[in-house]
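Good morning, colleagues, and thank you for the time. Please bring up the sequence and the model, and I shall lead you through a selection of its features.

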Amino acid sequence: MYRRLTKYGLSMLAVFGIAGCSYDTEIISSVEEKVPVTFEIATSEVSITRADTYTDAGVWTGGENVAVNDGTTTKTYTVSSNGSGGFKLTGSNTDNTFYWLIKSESKTFEAWYLKGNASYLNAKPTSMTVAADQTSADLNTYDLLYAQTDALTAATSTVPSLTFYHQMARLTVAITKGTGATSETVTSVSLGNNNVYRTRALSAFAASHYNGTSGGATWGTSSDQSTIKMKQVSESNYTCLVPPQTIGSGSTILLTVTTSDGGNTRTYTTTGSVSLQSGQHMTLNTTISRTDITIVPSITAWPASYSGTGTAGF
């Protein structure tokens, strides 16, 4: 009798213990009950405005593979339409999907994307390298994007939102032909004179936009100084992407413009350093005359829908 009562008592305790579990600590045990983690891509940010980066960029089109990490494991998620004009991220297969296992468990997710580089699906990039000649490059392959959520739980956020931010710096040269140069055709535009770093180590990503002072990312060791040949993206605009850095420390050739009129070359020399930040878009409004070149710089966040503006300092 004693043994039977003991078993009965333990059974009752187990029943009352289960009944006493709160919603927040309930374990989701069966496969059918597990809640897959999907993400909305914030439509006011990169998903809509990537097209203003370069003429061949476009927005998210669907099918892009994005790396997502929950602090422990990295999995591959795929971009697809959310049916409402925006985009979402879902696990590419059952093995590449995060699930909420306990409704109160807390997770902080981060995601990154770089077109055409599958190696980054396994681990966050620790450095970025761009080509010296970007005249025919697909600039999207240099446009490293990063997003991070706050701490989330299944009970409060089954569909987290991800806002992606540009980690690289973007520079555009907008050319106006002045006196004596109106009939000339620009044939090439180059940034720097063997003083622009093509490679930089990346130790901390920016999870916010350029605010007029800083881009937020932390960059380290630099190497491969080169002259960057810029890509023509419209009749008078040229652009390139580079790792954030400071160009020059004194009298430095910043820009070279060559035209078809006898290979006429004009160079612009700055007397101060030029700082390029993560998520920053610097535009060099450039006027060329027959023998001279002048520049009026402007700085905005990238994309310009953000409020951050800065001063070029030259």
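Which residue takes a positive phi in the hairpin of E3 and E4? That residue is Gly71, with a phi near 100°, and the hairpin has four residues between its strands. Before I continue, please note that this is a predicted model.

Let me set out the whole before returning to the parts. The protein has 314 residues, of which 45% count as buried. Two helices and 25 strands are found in it. Taking contacts between residues at least 6 apart in sequence, 69% join residues at least 24 apart. As for the surface, about 14,800 Å² is exposed, and carbon and sulfur atoms supply 50% of that area.

I return now to the hairpins. Strand E3 covers residues 65-69 and strand E4 covers residues 74-81; the two run antiparallel and are joined by five bridges. Within this pairing, Asn69 has Thr74 of E4 as its bridge partner. Strand E4 also pairs with strand E5, residues 87-91, again in the antiparallel sense and over five bridges. Here Thr78 has Thr90 of E5 as its bridge partner. E4 and E5 form a hairpin as well, with five residues between them. In that turn, Gly83 has a positive phi of about 80°.

Strand E4 leads us to the aromatic residues. The structure holds eight aromatic pairs. One of them joins Tyr77 and Phe98: the ring centres are 6.1 Å apart and the planes meet at 20°, so the pair counts as stacked, the limit for stacking being under 30 degrees. Where do the two partners lie along the chain? Tyr77 belongs to strand E4, whereas Phe98 is in the loop between E5 and strand E6, residues 99-100, so the pair ties together parts that are 21 residues apart in sequence. Tyr77 is buried, with a relative accessible area of 0%, and Phe98 is buried too, at 4%. Ring pairs also build a cluster, whose members are Phe39, Tyr77, Phe98, Trp100 and Phe109. In addition, Lys75 lies over the face of Phe98, at 5.1 Å from the ring centre.

I turn next to charged side chains. Side chains of opposite charge can pair when their charged atoms come close. How many salt bridges does the structure hold? There are five. In one of these, Lys124 meets Glu110, and the closest N and O atoms are 3.3 Å apart. Lys124 is in the loop between strand E8, residues 110-113, and strand E9, residues 127-129, while Glu110 is in E8 itself, so the salt bridge ties together parts that are 14 residues apart in sequence. Are these two residues buried or partly exposed? Lys124 counts as partly exposed because its relative accessibility is 32%, and Glu110 counts as buried because its value is 15%; the cut-off for buried is under 20%.

Glu184 deserves a moment of its own. Its side chain forms a salt bridge with that of Arg266, at 3.0 Å from N to O. Glu184 lies in the loop between E14 and strand E15, residues 186-204, and Arg266 in strand E21, residues 265-270, so this pair ties together parts that are 82 residues apart in sequence. Glu184 counts as buried at 3% relative accessibility, and Arg266 counts as buried at 3%. The side chain of Glu184 also meets that of Arg290 in a salt bridge, at 3.0 Å from N to O. Arg290 is in the loop between strand E23, residues 280-288, and strand E24, residues 293-301, and this second pair links positions 106 residues apart. Arg290 is partly exposed, with a relative accessible area of 40%. Glu184, Arg266 and Arg290 are thus linked in a network of salt bridges.

My last stop is Thr172, in strand E14, residues 169-177. Is Thr172 buried or exposed? It counts as buried because its relative accessible area is 6%. Leaving aside residues up to four places away in sequence, Thr172 touches Met230, Asn237, Tyr238, Thr239, His281, Met282, Thr283 and Leu284.

That concludes my presentation, and I thank you for your attention.

Key. Residues are numbered from 1 along each chain as its sequence is written. This is a predicted model: local features need pLDDT of at least 70, side-chain atom pairs count only at pLDDT 80 or more; totals for chains, interfaces and linings use all residues. Side-chain values use heavy atoms; hydrogens and water are left out. Two strands pair if DSSP finds at least two bridges between them. Buried means under 20% relative accessible area, exposed over 50%, partly exposed in between (1.4 Å probe, protein chains only). Contact means heavy atoms within 4.5 Å. A salt bridge is a side-chain nitrogen of Lys or Arg within 4 Å of a carboxyl oxygen of Asp or Glu. Rings of Phe, Tyr and Trp (its six-membered ring) pair if their centres lie within 6.5 Å; planes under 30 degrees apart count as stacked, over 60 as edge-to-face and the rest as tilted. A charge sits over a ring if NZ of Lys or CZ of Arg is within 6 Å of the ring centre and within 35 degrees of the ring normal. Accessible areas come from the Shrake-Rupley method with a 1.4 Å probe; for residues, only the protein chains shown count as cover.
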